[in-house]
Amino acid sequence: MIKGLYKDGYVIFENMLDRQTVKGLKNDCMKWVDICGSYQEKAGLSNDKTAHHAVGGKGPIDDLLHSHIFDPIITDYFDSEKYILHACNPVLGPPSANSYLHKIHRDIKTFFAGINLRINVLVALDDFTIENGATEILPNSHMVPDLPSIEEFEANKLSLCMPKGSVAFFNSYLWHRAGTNSTDENRVALTLSYGLSFIKPQMDYARLLGEINGKSFSESSRQVFGYNSRVPISLEEWYQKPQNRLYKPDQG
């Protein structure tokens, strides 16, 4: 199935997570949407019912990130190169919503043909159906640098319909958008993205989580949260023996 990730730009693993995990993640996502909504409103922004960088709450989302359940797929995608977390964003997907997610877009603007820079991981915490606005993708479009026309997208789009607990992986170059939720219920999802270690993440997770927390993390978690690819801020931090450097020599 992973071959589809290269050929078509996406692959779906149905029922990858059990019901208890899904329930915990959904509740955690809804909590984070409320938290981030308050920040949006305080900043004078529109509350779009999405959350960004929902890390450090020590809840089910953190448990999922520390489990590294997706590592075999992501490692294969990056050809065993080191990678880090670039974003961790819960999405409420409410009825009749109309946000930036509903525009045709891709989640990385820089395009280098044939190079896997980032991967999106879409965790369905409700059933994804056409009626409730399942994510729409344009298969094979990860090879195309330019934004497709609305007509082209409409004619060739595919909806990522899948039962809750399923996980879709897709190349971050893939053109996609959220569908329209015409039901009376939310369609909750957790959207993650991972990228090569030398690419700047959307949030400095190592600094957000702090060194004290980081000392208790596994080596895999320290890698994923960016502790091995930090940028020095002083000459004292720069001039260190290899084992003490903030940016490790195997990070690309």
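This note goes through a few features of the structure above, point by point.

1. The structure is a predicted model, in which local features need pLDDT of at least 70 and side-chain atom pairs count only at pLDDT 80 or more, while totals for chains, interfaces and linings use all residues. Residues are numbered from 1 along each chain as its sequence is written, and side-chain values use heavy atoms, with hydrogens and water left out.

2. Strand β3 is a good place to begin, where helices (H or I, at least four residues) and strands (E, at least two) are DSSP runs numbered from the N terminus. In β3, 7 of its 7 residues are buried, a word that stands for under 20% relative accessible area, with exposed meaning over 50% and partly exposed in between (1.4 Å probe, protein chains only). R118, N120, L122 and A124 point one way from the strand, whereas I119, V121 and V123 point the other way.

3. Two strands flank the discussion of β3, and pairing here requires that DSSP finds at least two bridges between the strands. Strand β8 (residues 189–196) runs antiparallel to β3 and is joined to it by 7 bridges, with N120 standing opposite S193. Strand β6 (residues 167–171) is also antiparallel to β3, through 5 bridges, and V167 in β6 is the bridge partner of V123.

4. The largest nonpolar core has 48 residues, among which F169, L190 and Y194 touch the most other members; such a core is a set of buried Ala, Val, Leu, Ile, Met, Phe, Trp, Tyr and Cys residues joined through side-chain atoms within 4.5 Å. Helix α2 (residues 19–42) gives the most to this core, with 6 residues. A second, separate core of 13 residues includes A134, I137, L160 and F170.

5. For Y194, contact (heavy atoms within 4.5 Å) is made with residues including L65, F78, L117, I119, V121 and V224, once neighbours within four places in sequence are left aside.

6. After β3 (118–124), and before β4 (136–137), comes a loop that holds N132. Is N132 buried or exposed? N132 is buried, because its relative accessible area is 8%. Not counting residues up to four places away in sequence, N132 touches D127, T180, N181, S182, T183 and R187.

7. W238, by contrast with a buried residue, counts as exposed because its relative accessibility is 55%. W238 has its place in helix α8 (residues 235–238).
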